[in-house]
Amino acid sequence: MGYLLDNCLFERLTPELIDRCQSYTCSKDPDIDSFFHKDTKNNFEDYALEKMGYSHCFCTNENTPRMVCAFSLSNSALRTDILPNRRRNKFNKSIPNAKRRSQYPALLIGQLCVFDGFGYKIVNEHIGDEMMDLIKTMALNPDNDSAARYVVVDAINEPNVIDYYKRNGFDFLFESDIEELECLRNHKSANSIISYLKNFFGIKKQKEAISCKTRLMLFDLVLLKP
């Protein structure tokens, strides 16, 4: 088993649950910390009220629980029509011809964190990895009213975050930062940025200078089918 399944309760995040728990924080990211609290700007309640997604959490099975980790999920779609031809063709190879579309159903991870005190390892367990396994299990649940082929995330483009998702089987939707910038951002402004960098730094420095703040990543749930 694992730390979460052996020691924690899995619940929908609610203001009532927060009131029952000990105080908690995610000091490494103030925006995420604010999202998973009540009475804060743009928190999980606002997200749910606007039907943008729901948040879930694990808390310890104690009289006064400790919040261990939390995540938010919403229905989404993975578009392939925005991909360069070579990337789209490679992507579609995993889809039978008759079922190929310009977009595919997906489950979007909006926010995700492990709270302070339950870091990268605790009692030799990877809590973040265990939480991701649960997310994939939820996506594959046959009782869901809607199906999802992929789990997708717009991951913060920092080494420890990218490494976490890669460790859990995620891959980049785009091959590089510059390709993602060109395809997703406004083409006119993106091209002018690229042109400026090319003139200022030279061609050799161009790709090194461009970096997206976030990277779109995906996990193919078909890989988990029996």
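1. Which residue in β3 does Cys59 stand opposite? In this predicted model, the partner of Cys59 is Met67 in β3. The two strands concerned, β2 and β3, pair in the antiparallel sense over six bridges, and a hairpin of six residues joins β2 to β3.

2. The overall composition may be stated briefly. The protein chain contains 10 helices and seven strands. Of its 226 residues, 42% count as buried. Among contacts with a separation of 6 or more, 72% are accounted for by residues 24 or more positions apart.

3. The strands form an open sheet of seven, in the order β1-β2-β3-β4-β5-β7-β6, and the pairing is mixed. Its edge strands are β1 (8–12) and β6 (171–172), each of which pairs on one side only. At the β1 edge, five bridges link β1 to strand β2 (residues 54–60) in the antiparallel sense. Within that pair, Arg12 has His56 of β2 as its bridge partner.

4. Two helices pack on this sheet. Helix α6 (residues 127–140) touches β1, β2, β3 (67–79), β4 (103–114), β5 (150–156) and β7, and its direction makes about 150° with that of β4. Helix α7 (residues 159–167) touches β4, β5, β6 and β7, and its direction makes about 165° with that of β5.

5. The sense of pairing is to be noted for β4, strand by strand. With β3, β4 pairs in the antiparallel sense over 10 bridges; in this pair Asn75 stands opposite Leu107 of β4. With β5, by contrast, β4 pairs in the parallel sense over four bridges. Here Leu108 stands opposite Val152 of β5.

6. Is β5 largely enclosed or largely open? Strand β5 is largely enclosed by the rest of the structure, because five of its seven residues are buried. Beyond its pairing with β4, β5 is joined to β7 by seven bridges, and these two strands run antiparallel. Ala155 and Arg215 of β7 stand opposite each other.

7. Asp220 merits a separate comment. The residue lies in strand β7 (residues 214–220). Why does Asp220 count as buried? Its relative accessibility is 14%, and the cut-off for buried is under 20%, so Asp220 falls in that class. The side chain of Asp220 makes a polar contact of 2.7 Å with the side chain of Arg149. Leaving aside residues up to four places away in sequence, Asp220 touches Ser94, Arg149 and Tyr150. Arg149 thus appears both in the polar contact and in the list of residues touched.

8. The largest pocket holds about 1,100 Å³ of space. Its lining comprises 42 residues, of which Ile32, Leu112, Ile156, Val161 and Tyr165 lie nearest the centre. Which elements each supply at least two residues of this lining? They are α3 (30–35), β3, β4, α6, β5 and α7. Strand β4 gives the most, with seven residues.

9. Taken together, these points place β4 in several roles. Strand β4 pairs with β3 and with β5, is touched by helix α6 and by helix α7, and contributes seven residues to the lining of the largest pocket. Strand β5 likewise is touched by α6 and α7, and supplies at least two residues of that lining.

Terms used: Residues are numbered from 1 along each chain as its sequence is written. This is a predicted model: local features need pLDDT of at least 70, side-chain atom pairs count only at pLDDT 80 or more; totals for chains, interfaces and linings use all residues. Side-chain values use heavy atoms; hydrogens and water are left out. Buried means under 20% relative accessible area, exposed over 50%, partly exposed in between (1.4 Å probe, protein chains only). A polar contact is a pair of N or O atoms within 3.5 Å; within protein, one must be able to donate a hydrogen and the other to accept it, and residues adjacent in sequence count only if both atoms are side-chain atoms. Contact means heavy atoms within 4.5 Å. Two strands pair if DSSP finds at least two bridges between them. Axes are lines fitted to C-alpha atoms, for helices over the stretch in contact, and angles run from 0 to 180 degrees between N-to-C directions. On a 1 Å grid over the protein atoms alone, a cavity is a set of points where a 1.4 Å probe fits but cannot get out, and a pocket is an open set with protein on both sides within 12 Å along at least five of seven lines; lining residues have an atom within 4 Å of a point. Grid points are joined across faces, edges and corners, and a volume is the space filled by probe spheres set on the points.
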